[in-house]
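Visitor: I would like to go through a structure with you, one question at a time. Please show it before we start.

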Amino acid sequence: MSTPRALRQSLGLRLTSAGFLIFWCLLAAFPIFWIAVMSFKSPVDAFAANPLDVMIGPETKAKGHGLSIPDIIVLLGAIYMVWRVSAKGLPRLIAANAPEGWKWLWWIGGVIAIGLGVVIGFATIPPVMAGVNGALGALGEPLLGLTTEHYRAVWVDNEFYRNFLNSLLITVGVVTISLTVGTLAGYGLARSGSNLAFWLLIIALIFRALPHSVLVAGYLPWFINSAEILEPIMGESAPTLYGQPIAVIAVLVSINQPFTIWMLRSFFQNIPAELDEAARVDGCSHFEAFRRVIMPVMWPGVITTGLFSFLLAYNDFLVCALLLDAQNQTMVPAITGYFNRETTTTDQVEAVAAAVSIIAPLFLLVMVFQKQIVSGLTAGAVKG
Amino acid sequence: MKFRTFAAFVGPSLLLMFLFIAAPLASVLWQSFHITKPVFETVSVETCTPGFPSQICTTEERTIPQLEDGKVVTRTDYVGWQSYRNVLEPDRAAAAIERGSWSDLMTIDFWKALRFTLTFTLITLPLAIGLGLLIALAVNNALKQVRGPVIFVSLLPFIITPVIGALSIKWLFIGDGIMTAMLERWLQQDIAMFAQGWTIEILMLFYRVWHVAPFAFVIFYAGLQSVNQDTLESAIIDGASRFERLRYVIVPHLMPLIVFVSMIHLMDAYRCFEEVIGFSSQAHRISLQFLTFDLMTPDDSGNRSISRASASAMLTMIGIALLLIPLVRKTWRDHKGSSA
């Protein structure tokens with residue numbers, strides 16, 4: 001199909017447009033790419049003023065850590081494989097194999113499997129390649145300086161995995177609870193045209209705009225004193241909610257509810273009401289209709305909403321920093337411990353390595369779920 | 001749907017929102033008028049040191065926190081507008097305004113935070129919308145094959161943890177980082193990006209535009225797919241230039257989306273917080289939400305000034321309320337229009 005001649009663009013305009021696009025992609029990716037490079041270099045190289053030194057890493061290479069040509073080929077191949085599998089392979093696999101109604105489990109399983117694969121590859125390929133390089137002789141000489149010592153320092157020596165486990169607990173808790181509660185509410189709101197439903201949505205909209213620090217100011221005194229407050233009801237076993245992951249989960253779920261119910265409501269409105277009406281005619285109650293008819297077809301919306309819940313919980317700084325103890329932090333607040341210390345450049349590069357570790361899972365997530373993220377962003381807007 | 005079924009579906013969500021959003025709001029309002037302090041008592045303590053011919057004894061009055069069962073006794077008092085006065089410091093602010101000294105006014109945390117938050121919100125708004133629109137137009141113009149990867153790269157700034165996004169930009173400029181080195185070579189002078197406020201502020205503005213533009217882009221790009229081709233063609237027949245078509249056909253078509261993105265952006269930028277953490281700018285630039293956060297963090301002696309934090313939180317809310325009134329009115333009109 002050819003474009004009408006009048007709509008065709010001049011060469012200059014097309015070049016400007018393409019040039020701008022390239023410029024934007026560089027701008028978007030460069031800071032992230034750069035910290036990823038920095039995290040693999042020794043401190044002198046990582047903070048070198050000359051960009052080439054940061055890329056090639058002469059100091060790192062001098063210490064005997066580096067990538068040879070075969071290493072680079074294997075690395076590029078591995079990156080391409082991960083991209084291929086997550087952007088193309090996984091969706092195709094799920095479309096072909098997953099039984100209807102269980103796709104969501106396959107998606108989650110697939111992401112976890114890819115993540116584990118990357119971690120295992122990160123741990124096993126370097127020793128193997130060291131052997132290969134030794135056997136190759138001159139060809140196996142390091143060409144680019146690269147070291148994983150900062151990752152080892154962060155994850156093994158500084159026990160960053162504890163923060164990771166905390167993050168994991170909180171994100172999994174937030175996503176499951178907020179989806180369970182949110183789908184019910186979203187369905188109810190989508191199927192009820194009453195004024196009450198409208199006002200509830202408006203109140204949710206107002207709640208969405210509240211700064212989180214305002215809410216946390218409301219929780220803090222209660223959470224710190226909760227043992228005394230709850231004692232008359234619960235007796236001796238009354239917990240101090242401050243510092244408890246369960247309290248943070250409850251807070252994040254609630255903060256996230258307004259957004260979740262708005263989004264799920266717009267997804268449910270796209271599912272024709274005739275579907276559950278038919279089930280009702282056949283003698284189902286509202287809940288049975290929801291379980292048997294709606295649940296099997298609602299997964300695309302639930303996955304998208306779940307992604308945004310995940311991002312909120314995973315990226316949160318404010319709530320976790322204020323409601324958890326400094327010793328028991330999630331990953332994002334824990335990283336401030338590194339860059340506030342920043343006494344030596346080694347500390348700084350360790351902070352960079354920790355930062356890259358935190359965003360690596362998000363990277364994977366965008367690769368696999370790009371379509372869902374885009375549809376989620378537009379669903380709210382186009383519907384109004 | 002019967003009311004009871006509706007209530008059963010919506011109930012759990014409402015309960016959560018009531019417990020953790022509505023109730024804390026009421027609590028914050030109450031806290032901002034009350035101060036909880038430990039109760040102090042004055043006791044006279046006699047300390048004796050051995051001496052000759054008799055011991056030397058001194059009696060002194062000491063103020064110590066009153067204890068009961070090993071716990072510090074606290075008392076909560078109604079203090080009226082005291083906490084608000086502590087945050088706003090009206091006397092100092094009035095004096096500064098009288099002298100016409102802007103820099104004196106900016107020594108008061110609240111006014112400093114207010115100034116920063118407002119300029120931050122208003123400057124980033126047009127930049128983010130403009131950049132988002134440009135990217136959307138450029139992607140729409142690009143070949144089909146490159147669109148997927150471009151969208152992937154564009155989503156990155158939006159999706160990564162805000163604190164880390166800010167840090168990644170900070171690390172490019174810190175000390176003699178590569179960007180600073182490049183600027184120094186270009187401008188032939190020594191530059192320290194983190195030694196003064198305005199350079200940090202520029203980086204913070206840059207970060208926010210970088211972070212939000214992808215969101216605006218995705219929304220506008222979706223909107224561009226539904227531009228009416230017939231209208232475009234008739235515009236061409238009427239002799240409209242490319243720019244006029246953009247101005248009179250495409251932008252009006254996208255207008256509802258531009259309003260939507262602006263509202264979301266205003267709400268989010270007004271809550272600006274992660275930038276302050278990521279760029280460690282608290283010595284130079286703070287935002288309203290950071291002010292509340294800072295008051296709630298325990299100080300050196302382990303005290304949190306909850307009451308002042310609540311007052312500052314309530315003051316922050318005034319801005320949110322002003323933002324929301326037009327939004328709620330518009331939604332209400334739409335709702336009435338659609339149901340009539």
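Visitor: In which loop of chain B is the place of B:S280?

Guide: This is a predicted model, so what follows is computed from predicted coordinates. Two helices of chain B bracket B:S280, and the residue itself belongs to neither, being placed in the loop between α12 (274-278) and α13 (288-296).

Visitor: What is phi of B:S280 near, in degrees?

Guide: Most residues other than glycine have a negative phi. B:S280 is a residue other than glycine, yet its phi is positive. The value is near 45 degrees.

Visitor: Does B:S280 count as buried, partly exposed or exposed?

Guide: The partly exposed class lies between under 20% and over 50% relative accessible area. B:S280 has 30% relative accessibility, so B:S280 counts as partly exposed.

Visitor: Which residue of the loop between α12 and α13 of chain B is in a salt bridge with B:E201?

Guide: The loop partner lies 84 residues from B:E201 in sequence, and B:E201 is in helix α9, so the pair ties together separate parts of chain B. Their N to O distance is 2.3 Å. Both partners are buried, and the one in the loop is B:R285.

Visitor: Which residue of helix α5 of chain B also meets B:E201 in a salt bridge?

Guide: Side chains of opposite charge can pair when their charged atoms come close. Here the N to O distance is 3.1 Å, between B:E201 and B:R115. B:E201 lies in helix α9 (residues 197-224) and its partner in helix α5 (residues 109-141), so parts 86 residues apart in sequence are tied together. The helix α5 residue is B:R115.

Visitor: How do B:E201 and B:R115 compare in burial, and what is the relative accessible area of B:R115?

Guide: The cut-off for buried is under 20%. B:E201, at 10%, is therefore buried. B:R115 is partly exposed, its relative accessible area being 21%.

Visitor: Which residue forms a salt bridge with B:E275?

Guide: The closest N and O atoms of this pair are 2.7 Å apart. The pair links distant parts of the chain, with B:E275 in helix α12 and its partner in helix α9, 67 residues apart. Both residues are buried, and the partner of B:E275 is B:R208.

Visitor: Which residues are joined into one network by salt bridges that share partners?

Guide: The network includes residues of both chains. One of its links is the salt bridge of A:R208 with B:D268, whose closest N and O atoms are 3.7 Å apart. The network joins A:R208, B:D268 and B:R271.

Visitor: How many salt bridges are there between chain B and chain A, and how many over all chains?

Guide: Between chain B and chain A the count is one. Searching the whole structure, over all chains, gives five.

Visitor: How much area do chain B and chain A bury between them?

Guide: The contact involves 93 residues of chain B and 102 residues of chain A. There are 14 residue pairs in polar contact between the chains, both residues at pLDDT 80 or more. Helix α1 (residues 3-31) of chain B gives the most to the chain B side, with 19 residues. Carbon and sulfur atoms carry 80% of the buried area, which is about 8,900 Å².

Visitor: How many nonpolar residues are on the side of chain B that touches chain A?

Guide: The other two classes on this side are polar, with 17 residues, and charged, with nine. The nonpolar residues number 67.

Visitor: How far apart are the C-alpha centres of domain 1 and domain 2 of chain B?

Guide: The domain assignment gives domain 1 as 32-80 and domain 2 as 109-339. Their C-alpha centres lie apart by 52 Å.

Visitor: Turning to chain A, which residues is A:T260 in contact with, leaving aside its neighbours within four places in sequence?

Guide: A:T260 is in helix α12 (residues 245-270) of chain A. With a relative accessible area of 0%, A:T260 is buried. Its contacts, with those neighbours set aside, are A:S178, A:G182, A:T305 and A:S309.

Visitor: What share of the residues of chain A count as buried?

Guide: Chain A has 18 helices and two strands. A:F47, in the loop between α2 (43-46) and α3 (51-56), counts as buried at 15% relative accessibility. Of the 384 residues of chain A, the buried share is 48%.

Terms used
Residues numbered from 1 in each chain as written. Chains lettered and ligands numbered in written order. Predicted model: local features only at pLDDT ≥ 70, side-chain atom pairs only at ≥ 80, totals over all residues. Heavy atoms only, no water. Contact = heavy atoms within 4.5 Å. Buried area = accessible area lost by both parts, 1.4 Å probe. Salt bridge = Lys/Arg side-chain N within 4 Å of Asp/Glu carboxyl O. Polar contact = N/O pair within 3.5 Å; in protein donor to acceptor, adjacent residues only side chain to side chain. Helix = DSSP H or I, 4+ residues; strand = E, 2+ residues; numbered from the N terminus. Nonpolar A, V, L, I, M, F, W, Y, C, P; charged D, E, K, R; others polar. Buried < 20%, exposed > 50% of the residue type's maximum accessible area, 1.4 Å probe, protein only. Domains from an automatic or database assignment.
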